[in-house]
Amino acid sequence: DTMPIRTLSDEVASRIAAGEVVERPASVVKELVENSLDAGASRVEVETQDGGATLIRVRDNGTGIPAAEIDLAFRRHATSKLENADDLEQIATLGFRGEALSSIAAVSRTLCITRHTAETVGTRLRLEGGEVVAHDPIGRPAGTELVIEDLFYSVPARRKFLRTARTERRHIDAFLTRYAIAYPHTAFTVVHDGREVLATSGSGDARDVLLSVYGADLGASLLQIPEHLTAGQAISVRGFVGPTTVHRADRSYLTLFVNGRWIEDLRLSYAIIQAYHTLLPVKRYPVAFVQIEVPAEDVDVNVHPAKAEVRFRDSDVVFRAVQKAARATVVSEAPVSTQWTSSESDSTGPQQTARGKLAGLRPAQGHIRFGADEAQSDEHSPAASTLSTASHSPPHPPSQLPPLRIVGQLATMFVITEGPDGLYLIDQHAAHERVLYEKLHAQSAQGQVASQPLLAPQSVTLPADQADRLEPLLPKLAELGLQVEAFGPNAFLVRAVPALLEKLVPADLLADIAAATEGTSPISDELEEAVIRHICKRAAVKAGQVLSREEMARLVDDLERTRNPRTCPHGRPTIVQISTEELARHFGRTGH
Ligand code: ADP
Ligand code: MG
């Protein structure tokens, strides 16, 4: 008893379409605000009740909808933004599918009040479940107001899936804050349950918006991508990236816009993350707000009903442009201070003592406790930060270290040194990794990594999948001084190691390399980088190794010569300072 094939009724079809476009209150807000921006609004006011479940109001001062077209606007596939299929190749507006208003109206009680700039009388249209129930002329200023009540009232299954009002508000804010930054010429206000949570001036200054969205600290710390980086090129990359001192536990602070449209693109996010390579701690992500402009015909935005993905004609070119712009901006970061703390940025721990001082605030009293475990994750979404301010430490000083006097070794883990401003603790493993990393890189860049033959070649057997991955890498390893030959099924013979690294244990290293290169594309730079980092990690002195005074002196000396002495290649701090002043304070000598 199968049913015959038939065309769906309009009502069913529009419910299905609505499901694609209108997933939750935030998607309604998105569609309505995009319409306002397409209508050239310089002011957009958003108001919600109960996370948008009972009320969403979006009011703009854009062009408005002509009285004769208002019915059409709520019809499916009705749009003023496309004329023919060719226009799909060159989409300059945020909307184009003509699906939003009809979809939203189908699943709510909708009120639309609008007046077109060229007309003297406006229209007031009321719809319930997509059916027009009232249609009257009305006076109002030019522009459009849409009021969406009881979202999903006609689709109880959907309504049940609405999350808490707070979660829905968070989604709405995440969207609106991004658009507020991307459209600084438009003044946005956002009111939830009668409380204003965001108001931007519309001054056109993106930095202004960043300050009100991200708070003074984070907003001021972001580095603007210089315009000259992409001036005169087909692809322009503008926006802001965080300094290396600012990082987050996840990617939610990476925001990408393409031709004025917020998009999600893993590959481009990765381009930004790559730009911070070795500059951030492991498992930490940068903050960035990047706006990419490409010729409209080089990007296809018609990939996804919610228009959140795009396809580029040449995604490699875009990838490189983004990575280059971000990297150039990050590395040009100007050093400003001779005081610094480890690079954890948003921990709420004791490091804020030092940071507070740097910010000219009175330091909080706290225990001295440092270390990577303080990298407390900051689970704020960008929107949550609207209402809180994220703290950050100031940018790093020039990478040179001050002259340091060796005091001794602590816990067979740290080298204690004294410098011009107090106590400097050096993590022996992290510091040595940094030293080896830069030496090996330098030698490899000149194509002359010194290789040290082993007295007795060592054989290493790997699991079959790892062996398969390692095999094609052997020529690359040879360039890095690691001479390895395939030697029977899944076995290898290590004949020589980089001379820098006599203490290397080849068996562990080969397994590491095979594991690390899993999933990395065999672009040689990326591969080389992964290999070098693993070599250095394996070869560096370990915690638990007793160091002689000479060894400590050599380590500190070598570290001073590196370009980036303050972090290991994985981004963890190599060195932590406690100022004399801070020590004095802990002893109650506050006058110092
Ligand atoms: P799309 O944006 O894809 O064209 P929508 O369903 O979102 O489709 O909107 C349908 C049409 O209604 C738009 O093409 C536009 O002409 C008109 N419209 C919708 N919202 C507004 C607004 N805020 N101001 C002016 N016109 C609007
Ligand atoms: Mg639209």
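In the predicted model described here, helix α2 (residues 25-38) packs against helix α6 (residues 165-182) at an angle of about 25°, with the two axes 8 Å apart; helices (H or I, at least four residues) and strands (E, at least two) are DSSP runs, numbered from the N terminus, while axes are lines fitted to C-alpha atoms, for helices over the stretch in contact, and angles run from 0 to 180 degrees between N-to-C directions. This angle makes α2 roughly parallel to α6, where angles under 35 degrees count as roughly parallel, over 145 as roughly antiparallel, 65 to 115 as roughly perpendicular and the rest as oblique. The crossing of α2 and α6 is right-handed, a crossing being left-handed if the near helix is turned anticlockwise from the far one by less than a right angle and right-handed if clockwise. On the α2 side the residues P25, A26, V29, K30, V33, E34 and L37 meet E168, H171, I172, F175, L176 and Y179 of α6, with contact meaning heavy atoms within 4.5 Å. By class, 9 nonpolar, 1 polar and 3 charged residues make up the contact of α2 with α6; here Ala, Val, Leu, Ile, Met, Phe, Trp, Tyr, Cys and Pro count as nonpolar, Asp, Glu, Lys and Arg as charged, and the others, Gly among them, as polar.

As to conventions, residues are numbered from 1 along each chain as its sequence is written, and chains are lettered from A and ligands numbered from 1 in the order in which they are written. The model being predicted, local features need pLDDT of at least 70, side-chain atom pairs count only at pLDDT 80 or more, and totals for chains, interfaces and linings use all residues, whereas side-chain values use heavy atoms, with hydrogens and water left out.

Helix α9 (residues 266-275) is mostly covered, 7 of its 10 residues being buried, that is, under 20% relative accessible area, as against exposed at over 50% and partly exposed in between (1.4 Å probe, protein chains only). The buried residues of α9 are L268, S269, A271, I272, I273, Q274 and A275. Their cover includes the strands β11 (254-258), β12 (261-263), β13 (288-293) and β15 (311-312), together with helix α10 (315-331).

An open sheet of 4 strands follows the order β16-β17-β18-β22, with antiparallel pairing, two strands being paired if DSSP finds at least two bridges between them. Strands β16 and β22 (575-578) stand at the edges with a single partner strand each, so one side of each is left without a neighbour in the sheet. From one strand to the next, the twist of this sheet averages 25°.

Within this sheet, strand β16 (residues 405-410) is joined to strand β17 (residues 414-419) by 5 bridges in the antiparallel sense, and I406 has T417 of β17 as its bridge partner. The hairpin of β16 and β17 has 3 residues between the strands, and A411 in this hairpin takes a positive phi near 55°. Strand β17 also pairs with strand β18 (residues 422-427), antiparallel over 6 bridges, and a hairpin of 2 residues joins β17 to β18. Along this pairing, E418 stands opposite L423 in β18, and F414 has D427 of β18 as its bridge partner.

Helix α12 lies across β16, β17 and β18, running at about 70° to β18. Helix α17 likewise packs on the sheet, touching β16, β17 and β18, and its direction makes about 115° with that of β16. Helices α12 (residues 428-445) and α17 (residues 549-560) also pack together, at an angle of about 50° and with their axes 9 Å apart, which makes α12 oblique to α17. Their crossing is left-handed, and the contact is made by Q428, A431, H432, R434, V435 and K439 of α12 and by L555, D558 and L559 of α17. The residues of this contact divide into 4 nonpolar, 2 polar and 3 charged.

A further open sheet, of 3 strands, has the order β19-β21-β20 with antiparallel pairing. Its edge strands are β19 (451-461) and β20 (483-486), each pairing on one side only, and the twist averages 15° from one strand to the next. Strand β20 pairs with strand β21 (residues 491-498) in the antiparallel sense over 4 bridges, with L493 of β21 as the bridge partner of E485. Helix α15 (residues 506-516) packs on this sheet, where α15 touches β19, β20 and β21 and its direction makes about 70° with that of β19.
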